[in-house]
Amino acid sequence: MASPARRLSSIFSSTKPRARLPKPAPEPTQPAKAPVAQHEQSLLLPKILYPRVTKSKSPPRNHPHLPRSTLDLFSSIPKLRRSCCFLPPAEAGGRRSDGGMEAIFRERNPDKLVSRFIAKSTASESFRNEHRVYEVAVARLASFGRHDAIAAIIDSQKPFIKASSVGFAARLIRLCGRASMPSHAAAIFHDLPPKHKSIMTFNALLATYVDASDFDALAIAFQQILASHPTIVPTVYSYSILISALCQKRELSAALDVITLMEKRGVSPDNIFFNIVLNGFYRNDSFDDAEKVWEIMKERNIEPDAKCYNAKLRGLISQGRVEDAVALIERMQKEGPKPDSVSYNELIRGYCKEGRLNQAKKVYDDLIKNECAPNRGTFHTLVPHFVEARELDCALSCCHEIFRRKCRVQCSLLQGVVTALIAASRMEEARRIVQLGRTSYYPRKGLRIPHKGLKMPQPTREDNDVEAETDSEDSVSYEDGYDEEEEESKNAQ
């Protein structure tokens, strides 16, 4: 029987040329092949895991604007997509921004955005502490396909890294990942001052490789960086990133082997880790392997939370096993953990896919009755089905609930309701939705009363089912449980 190390080695071996990490500037005091201490060796994944590097590969260009592709695995991503919504500065940053920041949030010209961003960040330390403005600027430039402009912004921040916190350096690396620029992220890591080459920046680099689906480079990073920086000790967070890569490659048995490997190194898997594994298995319809995970959790006395059960609900609904999903929610209601909004969303999605709208409406009522808040996944599932079934009163009620709860949904969802209301000669109600959309800062081009003869596009059910599945309220991202201040204090010790 093949050992876990040998089985893992086959995963990162591929027939295509493999990427080599960009090398840092040569350091004459450090030999090219420094011997690795015994303690250091114990922290590494077995050597056989890593592929031999034969040929360099350029980073992908013109990558579609889905900078966190890995989170498709375990329902992710709208966090960054929301940053593309052009909100006013007070809402976009969580607090009122100054004039220079407001100009950046409102700027639509990529070149002007870059020049203003660089000028403001160079002049103001408080600006450099604003996480959101960095995300919005990079997301907007990525949507224009301007990776050169993103590189200019990130490179302009390098002079401030040495005097800044390790969190600032990690943020720059993750921004490269969200723009699908893994080689740029690797170069930043290798140029970091020694005090910033920490577990935080290491994990940020690993996450960037998974974003770009560059699993070979991820394996090389585990080998080369850990070998040359013995103070960087992999955490459960590091292994979670490795697990996500294995699940994306559909190497599920090897994903189980990682649990054994990390425990041998004294790293105990937690609920977040197992949630990633369960989502990966259920998304690959591997129910048998998922049951092994439940057994492992039981053996280690790890109490599964609602997110773990939501992974199973998601798998059951994807297979059309709605009645099994109903039974699972009933069991959660009796024995715990209590179902959350996403639990009910999955059941709503199952009923809607089967055309059972009355049952879906009942689940929606149960959701509110059980003190769970409907979220964007709820509305992205229900509203298109209400419109298609000509149940416009229900669709209209959902729209008002969206505005009342200040829930941010896709513009096309609301426009579909407006168009249906106009077709039904309910003009005043349609105008009211558009008016509420204006006060909630939805773009005028995306939500409006169509002119005569102008046919507005309507969202498809398939598109909105995807939205429901990837609802951020149940996303398992690398930032779950991530506390920048806590990590910085650990590195300072």
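**View 1. Residues 305–339 of the predicted model, a span that is 77% helix and 0% strand.** In this predicted model, the C-alpha atoms at the two ends of residues 305–339 are 9 Å apart. The UniProt annotation "repeat: PPR", taken from an unreviewed entry, covers this span, and it also covers residues 235–269, 270–304 and 340–374.

**View 2. Residues 340–374, another span under the "repeat: PPR" annotation in the UniProt record.** Here the chain is 74% helix and 0% strand, and the end C-alpha atoms lie 10 Å apart.

**View 3. Ser343 and its surroundings in helix α20, which runs over residues 341–353.** Is Ser343 buried or exposed? With a relative accessibility of 0%, Ser343 counts as buried, because that value falls under the 20% cut-off for buried residues. The side chain of Ser343 makes a polar contact of 2.9 Å with the side chain of Asp340. When the neighbours within four places in sequence are left aside, Ser343 is in contact with Asn310, Leu313, Ile329 and Met332.

**View 4. Helix α24, made up of the 13 residues 411–423.** How does the span expected for this helix compare with the distance in the model, and what is that distance? At 1.5 Å a residue the helix should span 18 Å, and since its end C-alpha atoms are 18 Å apart, the two values agree. Of its 13 residues, 10 are buried, so α24 is largely enclosed by the rest of the structure. Among the buried residues are Cys411, Leu413, Leu414 and Gln415, and the list also includes Gly416, Val417, Val418 and Thr419. Just after the helix, Ser425 takes a positive phi of about 60 degrees.

**View 5. Cysteines in a structure that holds 0 disulfides.** Why does Cys398 form no bond with Cys394? The sulfur of Cys394 is the closest cysteine sulfur to that of Cys398, but the separation is 7.1 Å, which is too far for a bond because a disulfide needs the two sulfur atoms within 2.5 Å. Cys398 is buried, with a relative accessible area of 4%, and Cys176, at 0% relative accessibility, counts as buried too.

**View 6. The whole chain, with 27 helices and 0 strands, as a setting for the close-ups.** Of the 493 residues of the chain, 53% count as buried. Among contacts between residues at least 6 apart in sequence, 72% join residues that are at least 24 apart. The chain exposes about 22900 Å², and carbon and sulfur atoms supply 50% of that area.

Terms used
Residues numbered from 1 in each chain as written. Predicted model: local features only at pLDDT ≥ 70, side-chain atom pairs only at ≥ 80, totals over all residues. Heavy atoms only, no water. UniProt positions renumbered as here; feature names shortened; annotations may be inferred. Helix = DSSP H or I, 4+ residues; strand = E, 2+ residues; numbered from the N terminus. Expected span 1.5 Å × (residues − 1). Buried < 20%, exposed > 50% of the residue type's maximum accessible area, 1.4 Å probe, protein only. Polar contact = N/O pair within 3.5 Å; in protein donor to acceptor, adjacent residues only side chain to side chain. Contact = heavy atoms within 4.5 Å. Areas by Shrake-Rupley, 256 points an atom, 1.4 Å probe, with all protein chains shown as cover.
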